[in-house]
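Open the model in your viewer and keep the selection tool ready. Each stop below gives a selection and what to look for.

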Amino acid sequence: MAELESLETAAEHERILREIESTDTACIGPTLRSVYDGEEHGRFMEKLEARIRNHDREIEKMCNFHYQGFVDSITELLKVRGEAQKLKNQVTDTNRKLQNEGKELIIAMEELKQCRLQQRNISATVDKLTLCLPVLEMYSKLREQMKSKRHYPALKTLEHLEHTYLPQVSHYRFCKVMVDNIPKLREEIKEVSMSDLKDFLESIRKHSDKIGETAMKQAQQQRNLDNIVSQHPRISGGKKSKREFCASSDLEVKNTSPMSEQDSGILDVEDEDEDEEVPGAQDLVDFSPVYRCLHIYSVLGARETFESYYRKQRRKQARLVLQPPSNMHETLDGYRKYFNQIVGFFVVEDHVLHTTQGLVNRAYLDELWEMALSKTIAALRTHSSYCSDPSLVLDLKNLIVLFADTLQGYGFPVNQLFDMLLEIQDQYSETLLKKWSGVFRNILDSDNYSPIPVSNEELYKKIVGQFPFQDAELEKQPFPKKFPFSEFVPKVYNQIKEFIYACLKFSEDLHLSSTEVDDMIRKSTNLLLTRTLSNCLQNVIKRKNVGLTELVQIIINTTHLEKSCKFLEEFITNITNVLPETVHTTKLYGTTTFKDARHAAEEEIYTNLNQKIDQFLQLADYDWMAPEPGSRASDYLVDLIGFLRSTFAVFTHLPGQVDVHSTMSGKVAQTACMSACKHLSTSLLQLLLEAEVRQLTLGALQQFNLDVEECERECR
C-alpha cells in the first residue's frame, strides 16, 4: 500500500514538473500551491533539483557543439571588414581627385548661370516695378494717412487706389490682397471715425454742465448789458448782441474745414473772472469729429445710418440729462447743475443744426425740446414742492428765469416755463406766509402791550419814520411822552412792507405787466392780512393768560393798524405804478382784518367780564328764609362792584389818551359796562327764579333789594 502511494506521488510530481516547464511563469502560482498543499514537498524539491541539473547538462552539450562554428564566422567577418575598409579608401581618393579636377569648371558654370538669371530677373523686375511702384506708393500713403487719423483724405486715396491704380496690376497676388482689404479698410475708417464720434459724444455728455454754465453766464452778461443799454442807449454801439455773437461764432465754425485734424472733445478753458469776457459756449467744443464722421459716412453712402445713430444716441443722452438727482431740491447748486446740463445739451444740438446740412433738423430738435420741457417742468413741480425756504424758492425762480432766457436766446419756446413760474409763485407766497406767520408770532409774543415811551425827539422821529402816525396834541406834549400803541404796531407794519418787497422780488423778470404785478402783490398781501396776521391776532386774543389791559391795548393797536391800510395801498401803488382807481385793481382787506380782530378782542373782554361776574355770583349765599334784612349790601356784591370799578378804570385811564370818550377804548368801556350790567341783572333775576327757591321771606327780599339798589347807585 505504501508503494502504491509512493508511485502516485511520484507521478503527481512528474506532472507538476512538466506543467512548470510548459506553463507561463505568471500562472505558476496554483501549481506551486498544489505542491505545498501535500506533505511530500521535500521529495518534490529533490526531483526539481535533479531536473534542473539535467537541463544544465543539456545546455552545456549544445554550447559545446556549436562553439567552433561561431568562432569561424567571427574570423571571416573580420577579414571582410578589412577588405571593405581598403575599398572605401580607394573610392574616397578617386572622388577627391575628380572633385579637384572639375571644381573650376563647376564654379565657372555656376557664375554664368547666376549672371544670366540675375539679368533676366532685373529686366522683369524693372518692368513690373514700373507698374507696381505707383500702387505701392498710394497704398503707403493710405496707411500713413490712416495712422495719422486723417480719415477723410485716406478715404479719397482709397478711392483713387481702387479705381485708378489697382486695375493696372490686378493679376498680382499682392494686388488681390489689396483688393480684398479695401472693404476692410473702408470698414476700419468707418469704425475709427465712429469711435471718434463716440468719444465726442461721451465728452460732451460729461461736460454738458460746463457748456451750459458758460451759455448761462453769457446770457446773464447779455441781460446785464441790455439793462445798461436801456439806461444808457449811447453805449450800445460797442457790444454785440447775443444772437449776433452766436451767428458770428457759427460763421467761424462754418469757415473752418470740417476735415480739421484736431482731437475730439472739449477744449480746455480756464475759469474767467466775472468782469472778463465769457467765451461763447461753442468755443468750448471741437465739433470736427462730427463733421469728419458725417462726411465719411456720406461718401460711403451710409449717411442715413449715421444720422439715425447720432439722433438715437443723443436721445439717450437727453433722457439721462433730464433725469434729476433725487436730492436736487436740497440746495440751489443741485438745480443749477441740472439746468446747466440741459442748456449744454441744447446748445450743442442748436450748433449742430446750424452747421450741418440735415444731421439734425428743426422737427427733431422741436421734438426733443418738447420732451425736455415736459420732463423739466414735471421735475421742477415735484422738487420745488419740497422747498420750505422762501429764499431758496426765490433763488430757484431767478435760476429758472435765467435758464429760460438762455434757451430762448437759442430760439426755443419757453412760455410754459414762465407759466410754471406763476404756479411756483403761489408756492412762494405760501412759504412767505409760513415764514411771516412765525415773524408775527414772535412780534406778538415778545410785545409788552404797553404804549411806547419816548424820551427825546430822536426816538420820536424814529418811531414816526417806521409807522405813519400823526397826532398834533401828542407832538405838543413835552418829553418824555408815550405813543398810544405798543411796539408791535410799527413792527407789524414794517413786516407787512417787507412781505410786499419779497413778493415784488419774485415778480421781477417774469415779463409781467404792471397791472399783473400789482394784482399779484395785492392778492398775496390780502392773504397775509386776512389769514396769517388775522390768525396770529386771534391766537393772542384767545390765550388763557391774556388780561383786560392787554386786550384793550390790542384794540388800540388794531385801530391804528386799520388806519395805516391806506398808507399800505399808497406804498403798493408807488412800487407798481398802478393807480388804485384802475379797473380790476384788487383792494386790500386790511380794514376788515383789523376790525375783526378788534371785535374779537371786544368780545373776549365782554366774555371775561361775564365770567368774572359769574365767579362772584357763585359766592352769593342768600338766606331766603331770613326774618330780617342786613344793614348793607351783600359782601360778594361789594367785592364784585369793586372789581368792576377797578376794571373800568383801566379803560378810562389808558396812557396816551387825550379824550377817552372820543376814542375807541371809551366806546369799548361803555359797551363793556352795558354788557356787564345786563349780564349781572339777568344773573340776579335768575337767582330768584331758581327751582331750588321754593319760598322766601320778606327779610330775604329786602336784602336782595339792597343789593339791587347798590348796583343802581354804582351805575349812575
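The tour goes from a helix to two loops and then to the cores.

This is a predicted model: local features need pLDDT of at least 70, side-chain atom pairs count only at pLDDT 80 or more, and totals for chains, interfaces and linings use all residues. Residues are numbered from 1 along each chain as its sequence is written, and side-chain values use heavy atoms, with hydrogens and water left out.

**Helix H17.** Select residues 514-541, the 28 residues of H17. Helices are DSSP runs of H or I with at least four residues, strands are E runs of at least two, and both are numbered from the N terminus. The end C-alpha atoms lie 38 Å apart, in agreement with the 40 Å expected at 1.5 Å a residue. That span is 1.5 Å times one less than the number of residues. Now centre on Ser534: H17 has a kink of about 35 degrees there. The bend is the angle between axes fitted to the seven residues ending at a residue and the seven starting there.

**Two loops.** Go to Pro480, between helix H15 (472-476) and strand E4 (481-482). The peptide bond from Phe479 to Pro480 is cis, omega near 0 degrees. Next, pick Tyr449, in the loop between helix H13 (415-446) and strand E3 (453-454). Its phi is positive, near 50 degrees, though Tyr449 is not glycine. Is Tyr449 buried or exposed? Tyr449 is buried, at 6% relative accessible area; buried means under 20%, exposed over 50%, partly exposed in between (1.4 Å probe, protein chains only).

**Cores.** Select Phe483, among the residues with the most contacts inside the largest nonpolar core, which has 147 residues. A nonpolar core is a set of buried Ala, Val, Leu, Ile, Met, Phe, Trp, Tyr and Cys residues joined through side-chain atoms within 4.5 Å. A second, separate core has 14 residues, including Met138 and Ile296.
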